[in-house]
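Please open the model in your viewer and keep the selection panel at hand. We will go from whole chains to single residues, one selection at a time.

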Amino acid sequence: MNFKLKDIVPQLITVLAVVLVFGFFTYNAQINMENRGIDFGYGFLSQESSFDVQFSLIEYDGSHSYFRAYLVGLLNTILVSVIGIIIATILGVIVGIARLSPNYLINKFAAFYVEFFRNIPLLLQIFFWYFAALRALPLPQDAEAMFGVFFLTIKGLYVPAFIWQNFNIFIYSIIAAIIAIIVIRAHAKKVQENQGKQIPVFLISIGLIFILPLLSFLIGGVRLSFEVPVLKQLATTSFIYEGGVSLPPELIALTLSLSLYTATFIAECVRAGIQGVGKGQKEAAASIGLTPNQVLKLVIMPQALRIIIPPTTNQYLNLTKNSSLAAAIAYPDLVLVFAGTALMQTGKAIEIVSITMFTYLTLSISISILMNWYNKKIAIQEK
Amino acid sequence: MSNINFLKPDRTNLNTFLYLGSFLFFISILDVFLNSFFRLNLTGFLPNFLSFLLPLILGFVGLYFIRIEYSGIKNLDLLNKHINTNNFNAVLSLLIIFIIIKSLPPILSWFVIDASFAGDTKDVCTGSGACWTYIKVWMRRFMYGMYPNAEQWRINLSFVALVLLGSVGYFATDKFKKYLTLYYVVIYPLIAFLFIFFFISGGPVFFDFSYGIIAAILSIIIGFFIPSKFKFYYFLIIPLALYVILKYFLFFEEYIELGKLDGLNWVETGAWGGLSLTFIISFFCLIFCFPIGMAFALGRRSEFPLIRYISVGFIEFWRGVPLITVLFMSAVMFPMFLPEDFFIDKLVRAIIAISLFEAAYVAEVIRGGLQALPRGQYEAAKSLGMGYWKMHIFVILPQALKLVIPGIANTFLALVKDTPLIFVVGLLEIVGMLNLAKTNPKWLGFAMEGYVFAAIIFWIICYAMSKYSYNLEQKYKTDR
């Protein structure tokens, strides 16, 4: 070991600087909290919150604890992110493929979409949908039914509610179908590698995923009925819909703008991925007699996905983080419920902001770990 | 004439198919056009369903007839190649053409034909179109926020001066070109800062922070003449010593008042706003986040494990949290971390927060560039006897930065698009001002116009930036 001063000094100075800054902050925070009579601690989480949240996935009212309020916000954030990710992926893939279309009009149309939506700040888009576009919708009493059961009004979208009997059996049947598909896929792969026979896995999978849940209806005692929203008059000019599920306009505006915005970035990732696969690969695959479908499935997509997935993961993370803009239009997400209302009521700035940030960090890191795992799985395995 | 098979258009009956096909295609477009622009329904006599679908069917058949390969007519071949390769593409092309024709009249009438431009009260806006009068009346607020009308020339003058000073690079002769980097990295930001602080806000020149700036610049300039053997220790001590000397021995409190420009009122940052605030914030965050990001990118690739871990922690932390919570932190949590009598303006706090946040993204982009450089570059630089800093400044960074121009441009675009979020700390740039104007009782109901106006402005800025970065990328593209 030969310690050189030049190796040690920079590290020591950096660490010292970091420690000093943090120490300075902590010291000040302690003095400030003493002066203002605030005590540090997470005990408030179990106290009664005494505020209401308009839209929540779990049962919640003012008598529940702050922790429950935190859960409500977290679930709402996850809800928006999941819906947004699904729509953005579908839209992004379609637009990304359209960008590569030989058809001039489709190509330009997709390019216009991408250039238009990604160059306007997301917050502005959310405001536009929420304050301008959705405000132009009809009042509940004037709304016309879409397909007879959906009602799109200024107060939100009303859709029929599913009323299940023995819902758990239905879920079990789906889980069983998925497990069966995984097993069959593994088996089919083995058979193909050992004997060269191909089992029609795709058809079997489709069959399984439909037949098993259907069986649960026929013999498992699962019943499904719909509850269609019905217009109800509260006062002479005040109407609401009763029954069914109501999606608040905040949720609609948020998912719409998040997915339209993120889809542009995903589209670019998809385009880059498909363009990144060499032309020779396609020609080589065709020349050994693969059908166009097989070329796409076995040669192009596996290689393109390898390029597409890392940047797309980043976009998913961005979407999740951008969902915090919900606070601007009062959609009760984590930031609004917890870092907004709860912080105002308790005044526990440090605790609440740190919990909020830690939650987002956990969400981001877990998505990226998941995607890294998948990425590693499909990476080129060099022998 | 040979026998015609209408299901298989071919070259032998080229003219028949061409005339028939283009006639049908023309009819279908004309039908939609008349329907959309003049509310005429040519096919109104047909049942509803058929009348709706007829243009599509006619157009489809028409396009099918003119889809003849190698027809020998240049334009027809081009048309077939671009919009009419197969049935599926033909239908999609038709749909897009119809959508464009259908959506043009409502958009045009809302934007121009039914819109009101004149007047300066809400009363002129009676039509069904947009009320651009609203934008006209509120223009000053959207551009300058609550900045006093009589003082707005200060913002205009500063911006013009800064743009002129910023464009020096285009006019520099070869003799001065080598100093441009120094100018843009050190001197120009300082001038910009002085302009903004001294002129737009009307503050005194000599205050704590400016000692720091002067100390840093002086030490960098002297640093050029220090032999590299002592450089490391020099930079440890001198900046701090200079700061102390400047603050406690050279300038005294009485200079503070002396430095203030006569006749300029102090305009507090709470009154700043509108588009000019967007520019100010983007500009400073851009200037600050770049060196910070570069430092952390180098830190992440450093040989010293402690520095590497700290850099990774910094980068991953900021990349993992949303900007809105960072701003929340700067608004409610940060004041708790400072001594009680120590006050930092909320604009400065917002700029610090956004800079640190974007710096993490810049760091990752630059790291990508550093990793993409072949090892040979490092080895060659080392074999020439270059030290760490010399190697990075003269060999590695110029190449790495050239590689990551698109990535950096994207980060800066994201930065500009993130500025509206400063509403969290109570600053109102253009989107915030729109929300304020929207709730003014005299001007209710014009949300759409405001958002469309802001969207157009942002779109122009962002699109111009992305095109510029594309040009830059092409200009600096080097083959390896």
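Begin by selecting chain A of this predicted model and colouring it by secondary structure, which shows 11 helices and 8 strands. Turn the chain slowly, and you will see a C-alpha trace that spans about 85 × 80 × 50 Å along its principal axes. The radius of gyration of chain A is 27 Å, whereas a compact globule of 383 residues would have one near 21 Å. Of those 383 residues, 31% count as buried. If we look at the contacts in chain A between residues at least 6 apart in sequence, 65% of them join residues at least 24 apart.

Next, select residues 150–159 of chain A, which take in strand β2 (residues 150–153) and strand β3 (residues 156–159). The two strands form a hairpin, with 2 residues between them, and they pair in the antiparallel sense over 3 bridges. How are the residues of β2(A) divided between its covered and uncovered faces? Phe151(A) and Thr153(A) make up the covered face, while Phe150(A) and Leu152(A) lie on the uncovered one. If you follow Phe151(A) across to β3(A), you will find Tyr158(A) as its bridge partner.

Now move to helix α4 of chain A by selecting residues 122–133, where 9 of the 12 residues are buried, so that the helix is mostly covered. The buried residues include Leu122(A), Ile126(A), Trp129(A) and Tyr130(A). To see what they pack against, add α7 (249–276) and α9 (292–322) of chain A to the selection, and then α19 (405–418), α20 and α21 of chain B. Both chains therefore supply elements that pack against the buried residues of α4(A).Stay with Ile126(A) for a moment and show the residues around it. Leaving out residues up to four places away in sequence, Ile126(A) touches Ala253(A), Leu254(A), Ser257(A), Leu325(A), Ala328(A) and Ile329(A). Which residues have the most contacts inside the largest nonpolar core? They are Ile126(A) and Leu327(B), and the core to which they belong has 147 residues. A second, separate core has 12 residues, among them Leu24(B), Phe25(B), Ala90(B) and Leu94(B). In soluble globular proteins, nonpolar side chains tend to be buried together.

Before leaving chain A, select Ala330(A), which lies in the loop between α9 and α10 (334–346). Although Ala330(A) is not a glycine, it has a positive phi of about 65°. Is Ala330(A) buried or partly exposed? Ala330(A) counts as partly exposed because it has 14 C-beta neighbours inside 10 Å, and a residue needs 20 or more to be called buried.

Switch now to chain B and colour it by secondary structure as before, which gives 21 helices and 0 strands. The radius of gyration of chain B is 31 Å, well over the 23 Å that the globule rule gives for 480 residues, so chain B is more spread out than a compact globule. Its C-alpha trace spans about 100 × 70 × 45 Å along the principal axes, and 30% of the 480 residues are buried.

To divide chain B into parts, give a separate colour to domain 1 (14–113), domain 2 (136–147 + 267–475) and domain 3 (204–260). If you place a marker at the C-alpha centre of domain 2 of chain B and another at that of domain 3 of chain B, the two markers will be 27 Å apart.

With both chains visible, select the residues where they touch, which are 42 from chain B and 47 from chain A. On the side of chain B, the elements that give two or more residues include α3 (74–83), α4 (87–113), α14 (305–320) and α15 (323–333). The largest share of this side comes from α21(B), with 9 residues. Sorted by class, the side of chain B that touches chain A has 32 nonpolar, 7 polar and 3 charged residues.

Finish with Met329(B), whose place is in helix α15 of chain B. Met329(B) is buried, because 22 other C-beta atoms lie within 10 Å and the cut-off is 20 or more. Apart from its neighbours within four places in sequence, Met329(B) is in contact with Val353(A) and Phe334(B). As a last step, draw a distance line from the C-alpha atom of Met329(B) to that of Ile460(B), which is 131 residues apart from it along the chain, and the separation will be 31 Å.

Conventions
Residues are numbered from 1 along each chain as its sequence is written. Chains are lettered from A and ligands numbered from 1 in the order in which they are written. Domain bounds come from an automatic or database domain assignment. Two residues are in contact if their C-beta atoms, placed from the backbone, lie within 7 Å. Helices (H or I, at least four residues) and strands (E, at least two) are DSSP runs, numbered from the N terminus. Ala, Val, Leu, Ile, Met, Phe, Trp, Tyr, Cys and Pro count as nonpolar, Asp, Glu, Lys and Arg as charged, and the others, Gly among them, as polar. Two strands pair if DSSP finds at least two bridges between them. The radius of gyration is taken over C-alpha atoms; the globule rule is 2.2 Å times the number of residues to the power 0.38. A nonpolar core is a set of buried Ala, Val, Leu, Ile, Met, Phe, Trp, Tyr and Cys residues joined through C-beta atoms within 7 Å.
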